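Hi,

Here is the structure I promised to pass on. Please have a look at it first, and then read my notes below.

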Amino acid sequence: MSTLEANGPSPMVNAATGSDPTIVQRPETGPSNIPIPPVAPNYVNITDVFAKEAQKIRPGELAMLETFELVNAINALEIMDLKMDTGLLDMLSRDKEFDTKANRAARKVLWVMDELFAMEMSWHTGGALSQTVFTCLYIEQALKNFNGCVSSAHFGDESNDVPLSSDEDLESVFVHVVLREFVLGIIKTCDLSRRRLQCNEIMEDEDIVTQTYSLDLMQFVPVSKICSGLTEAINKMKRLKTESERQHVHDQETEDLLGCIDGFIVRLELRILSLKALDLADDAPEKQIELLAGTGDLIPTVVSTHSLAEPLPVAFSIAIQGRLECGMPPRPKVEMSFGDAIATLERLINGTRDVLRIHDYGSLGDITTYFEEFAMRRPTELPYVRCQLFKRFFVHRKIFGKFPMRDAVIADITDLCCPSPALFAIDESHPCRQALDLFLTRAEVCFENLFSVMCHNRARLRQRLCGAILDWDSLQVDSEHLESSVEMLQFSPLLPTVQKSSEEGMRALPLSSWVYFRKLQIMIWIVFMGFELDIYRLEEWPLMLWYGDYILGVADSHVARIETILEITAGMQHDSTTHSTKSRKSKKSKGATSISVTPASGALPPSQESIIRTRMWLAGLRSQIGVYKELCHGYMCFMAALVLAGCVRSFTASPVDPSKKDYTTPELLYKLRLKPFSTIGVPEIPSFETYQRLSDLRDWQIDSLLDNAQITVNRARNMANVWSKLKPEQQINANLVQESSAKIRRSLTRSCVGTNVAISVLRQMKLEPRSFGEENKLKLSVLHDNFHPFFPVLSVSMKQ
């Protein structure tokens, strides 16, 4: 050991400064508040002096200057602590004793390949490369030797001696041909996946870690070059298998060898298909779907040959982290069982194949339904699949690279509200043309952001929606201001209402109606995702179910209004058509001259096809909102019964601890829980007094609440069945939306069944009203699996 000599080596002297801990001080030559400045380099070996003085320090003592402050300890290093020094791992490890160029038996090579595959799947589920793929010594050696040429990526040592494989030495072939090509395939697969994962919808260090620690993952090596090497290895294994079969030896060793060769072949073939599918990720979906289907067909053979693998754990080491350009402390290896890795691969394949079918759509309503079902999936789709969805949907800021976002906004407004076709066809000279363009520009941003956030992980999705709702609320203000102008009223003429007593008619107001619907949809997602993510405590369930029921009621009324306006418009169009037909017949029979009155351009009615399409979509929306509302109401009654029975604390009750009364009053908690909606103009948050009045349970009995819960839950289940029996011509699309809607309906039905079971169990217990805090023998647990994410089932059982 050598160091800079400053005023000569000075011995350290122990000086106790108290009982916690002992501090060793070094004598200073200058003022205590002035650190000793460095001097010109004059290296002196102080190893012996340092070792002698170090023996005088007991464990727990700190060698320090007088100027050393406690804050300096934050950046201090603790010598010989593995958690503080990644380089120490490299010194203490024995992985250098492992020879990567040594020959290995077929069964051990097979295990290394499967372990590497499991590490790759671990990376896709969130582990860093340093904790997964880069823990393999074969990967490290190949990347260490790689200089831009594929042939340089071998398992030789620092002397760059290229290990040569001999056809007569099978173990050499297994390592330097089969394993080497497989390792290069893994590296290139990670490179392609990593480049696909670099988008704003994937959160770095939250969904997946794409850091490579300055290692070159063969970015500029063409996929065809890697696939060529894999194909050569496959051909060599097939020749070897043919030669072994010709020998007609049927002992166990030969059978195992043939099984391992089959395992090598299928794993190399799977790697080729994976590389080609990743390389064609931006091309036509048909070819990629074909490649993914072929990959899935190989999985059973991979699973069947895994039992032949013999572990070789020394081929992996976390000490490699000490040799990476990483400032983080060493972390343990993220391990995944082979069975879990296969399940992850199947999720990856199925999710990607499903995303590629998004091109088969009927309208933006279909896409919204698909995105909603996609985001609800459990387990959540892998980051690669979510990124693939976004990149497939948005290509060069266009839907599928073909339709501008403005066209998508106009199409969505048309599908929901069926406005006059002249609304978006006004010429440049129209007084409102500039204001309409400004509105559509803002709507484009909000609409694109809505689909973008749906590709995030579930927790991040709710957070982003809470921010997006403010943009939609501001957009609603703009739309109302635009449609209130005199020039725009011609596109929303006064329509006669069904009630004769009503003096004033209704206006369609398609722009603000569309914005308001999308805003309510986001509010519904935010409220009910809180149940999915376990954000609410059980005592908050009654409150959020009540508010969710309120928002669903507003949404149902709004969709009903749009539906009413649509039927009035359709009726007027039918009457106009009938009147025109009668006029033509009268003209022919009497020879009279008839004068037809042509409506103003803004009052031109929509086409019959548009009316039918909107009617179909609104019918589906009314069904979905109705099921949500009935099920939500059933949950409210069920939770009210638990509150009345003293199993759940009433939200409006005072805090249990009187000392917390000043900052945990029910009203403050009410405002805190509904804070995401506090800045929303419409619909306004009901006052706490309103909630307190409507949630009063003094006039209710437990049995009556359970009866109401069972009735509404059964009604929700019946509505879901009616929803599922809609004829194909009553739905928007025959494939995409039907499958997505069917998944939502099935999960809703399971939530209805599970809640009915919980209601029956609670009814059999014959509970009596009591205050919270008294002896409670019930155990409540929230079940999420197999149920609708918005409506997890509350399981009720007796405490043991």
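Between α10 (364-376) and α11 (383-393) runs a loop that holds Pro 379. The peptide bond from Arg 378 to this proline is cis, with omega at about -5°. Please keep in mind that this is a predicted model, and that every value here is computed from it.

A second cis bond links Val 682 and Pro 683, where omega is near 0°. Pro 683 is also a loop residue, placed between α18 (666-673) and α19 (688-694).

While you are looking at the backbone, two residues that are not glycine have positive phi values. For Leu 509, phi is near 50°. You will find Leu 509 in the loop between α14 (458-483) and α15 (510-532). Is Leu 509 buried or partly exposed? Its relative accessibility is 24%, and buried would need a value under 20%, so Leu 509 counts as partly exposed.

Asp 534 is the other one, with phi at about 60°. The loop that carries Asp 534 connects α15 and α16 (541-590). Because its relative accessibility is 48%, Asp 534 counts as partly exposed too.

Now for the protein as a whole. There are 21 helices and 10 strands. Of the 800 residues, 48% are buried. If you take contacts between residues at least 6 apart in sequence, 79% of them join residues at least 24 apart. The exposed surface comes to about 39,700 Å², and carbon and sulfur atoms supply 53% of that area.

The interior is worth some time on screen. The largest nonpolar core has 207 residues, and those touching the most other members are Tyr 138, Ile 139, Phe 264, Phe 371, Phe 393, Trp 514 and Phe 638. Helix α17 (residues 608-644) gives this core its largest share, 19 residues. Apart from this core there is another one, made of 19 residues that include Val 266, Leu 292, Met 336 and Leu 345.

Phe 371 makes a good starting point for a closer view of the largest core. Leaving aside residues up to four places away in sequence, Phe 371 touches Ile 358, Leu 389, Phe 393, Phe 451, Met 454 and Cys 455.

Then there are the cavities. How many cavities of 30 Å³ or more does a search of the whole structure find? The search finds 9. I looked at the second largest, which encloses about 230 Å³ of space. Its lining is made of 20 residues, and Ser 274, Leu 278, Leu 292, Leu 345 and Leu 348 are the closest to the centre. Two of these, Leu 292 and Leu 345, are also members of the 19-residue core.

Which helix gives the most to the lining of this second largest cavity? That is α7, with 6 residues. The helices that each supply at least two lining residues are α3 (106-124), α5 (170-196), α7 (252-279), α8 (285-305) and α9 (338-356). By residue type, the lining of the second largest cavity divides into 11 nonpolar, 7 polar and 2 charged residues.

Those are my notes on this one. Happy to talk it through whenever you like.

Best wishes

Definitions and conventions:
Residues numbered from 1 in each chain as written. Predicted model: local features only at pLDDT ≥ 70, side-chain atom pairs only at ≥ 80, totals over all residues. Heavy atoms only, no water. 1 Å grid on protein atoms, 1.4 Å probe; cavity = no way out; pocket = protein on both sides within 12 Å on 5 of 7 lines; lining within 4 Å. Points joined across faces, edges and corners; volume = space filled by probe spheres on them. Helix = DSSP H or I, 4+ residues; strand = E, 2+ residues; numbered from the N terminus. Nonpolar A, V, L, I, M, F, W, Y, C, P; charged D, E, K, R; others polar. Core = buried A, V, L, I, M, F, W, Y, C linked by side-chain atoms within 4.5 Å. Buried < 20%, exposed > 50% of the residue type's maximum accessible area, 1.4 Å probe, protein only. Contact = heavy atoms within 4.5 Å. Areas by Shrake-Rupley, 256 points an atom, 1.4 Å probe, with all protein chains shown as cover.
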